[in-house]
Amino acid sequence: MKHTVSVLVANEAGVLARIASLFSRRGFNIESLSVGKTDNDEISRITLVVEGSDRVLEQLTKQLNKLIVVHKISDLTKESVVSRGLALIKVKATATTRSEIMQIVDIFRGKIVDVASDSIMVEITGNEDKITAIEELLRPFGIKELVRTGKIAMARGKK
């Protein structure tokens, strides 16, 4: 089972390395990772996606709680959340394929963020399935480069 975990940590140098090192030492693979400052400059939010049982997640949570730089850990797996990922996809484009690519991007409510003589760069946000779907539709045109962020997630409602 995939778990989405949000960890609020001190916004200090080396904190991410300490968290990643903890996972590495325990043999846990991080499938997705995203880090950024929160509205408080002293706090950063790390969103992790890890594969494992509830017991594995409990172990991770206990280990993370031992780190002084960790302020709060939330398992968002079973909560109602809004989650997103971002991808930039550079696609080969010719004069004949350009309009078809633009239609696909429009259907997925993506943005064209760069145009060159032989390529188009697309920005797409959404859940993992949406990003994978547009990636598969653009693949026949020839993907020159692709980069995806880790998942970010936030619980809905009053929290």
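This is a short tutorial dialogue on reading the domains, cores and surface of a predicted model.

Student: Let's start with the overall layout. Which domains does the assignment give for the chain?

Tutor: The domain assignment lists domain 1 (2–78) and domain 2 (82–155). Their C-alpha centres lie 29 Å apart.

Student: How many residues of each domain are in contact with the other?

Tutor: On the domain 1 side there are 9 residues, and they are in contact with 7 residues of domain 2.

Student: Now the interior. How do I read a nonpolar core, and which residues have the most contacts inside the largest one?

Tutor: A core is a set of buried nonpolar residues joined through side-chain atoms within 4.5 Å. Here the largest has 20 residues, and Val7, Ile19, Phe23, Leu64 and Val70 have the most contacts inside it. At least two residues of this core come from each of β1 (2–10), α1 (15–26), β3 (43–51), α2 (54–65) and β4 (70–75).

Student: What is Leu64 in contact with, leaving aside its neighbours within four places in sequence?

Tutor: Leu64 touches Val7, Ile19, Leu22, Phe23, Val70 and Ile73. Another core, of 15 residues, lies apart from the largest one; Ala87, Ile104, Phe108 and Leu138 are among its members.

Student: And on the surface, which residues make a nonpolar patch?

Tutor: Leu16, Leu33 and Val35 make one of about 220 Å². Val35 sits in strand β2 (residues 30–37).

Student: Why does Val35 count as partly exposed?

Tutor: Partly exposed covers the range between buried, under 20% relative accessible area, and exposed, over 50%. Val35 counts as partly exposed because its relative accessibility is 43%.

Methods:
Residues are numbered from 1 along each chain as its sequence is written. This is a predicted model: local features need pLDDT of at least 70, side-chain atom pairs count only at pLDDT 80 or more; totals for chains, interfaces and linings use all residues. Side-chain values use heavy atoms; hydrogens and water are left out. Patches are made of residues with over 30% relative accessible area and no salt bridge: like charges are joined within 9 Å, nonpolar side chains (Val, Leu, Ile, Met, Phe, Trp, Tyr) within 5 Å. Accessible areas come from the Shrake-Rupley method with a 1.4 Å probe; for residues, only the protein chains shown count as cover. A salt bridge is a side-chain nitrogen of Lys or Arg within 4 Å of a carboxyl oxygen of Asp or Glu. Helices (H or I, at least four residues) and strands (E, at least two) are DSSP runs, numbered from the N terminus. Buried means under 20% relative accessible area, exposed over 50%, partly exposed in between (1.4 Å probe, protein chains only). Contact means heavy atoms within 4.5 Å. Domain bounds come from an automatic or database domain assignment.
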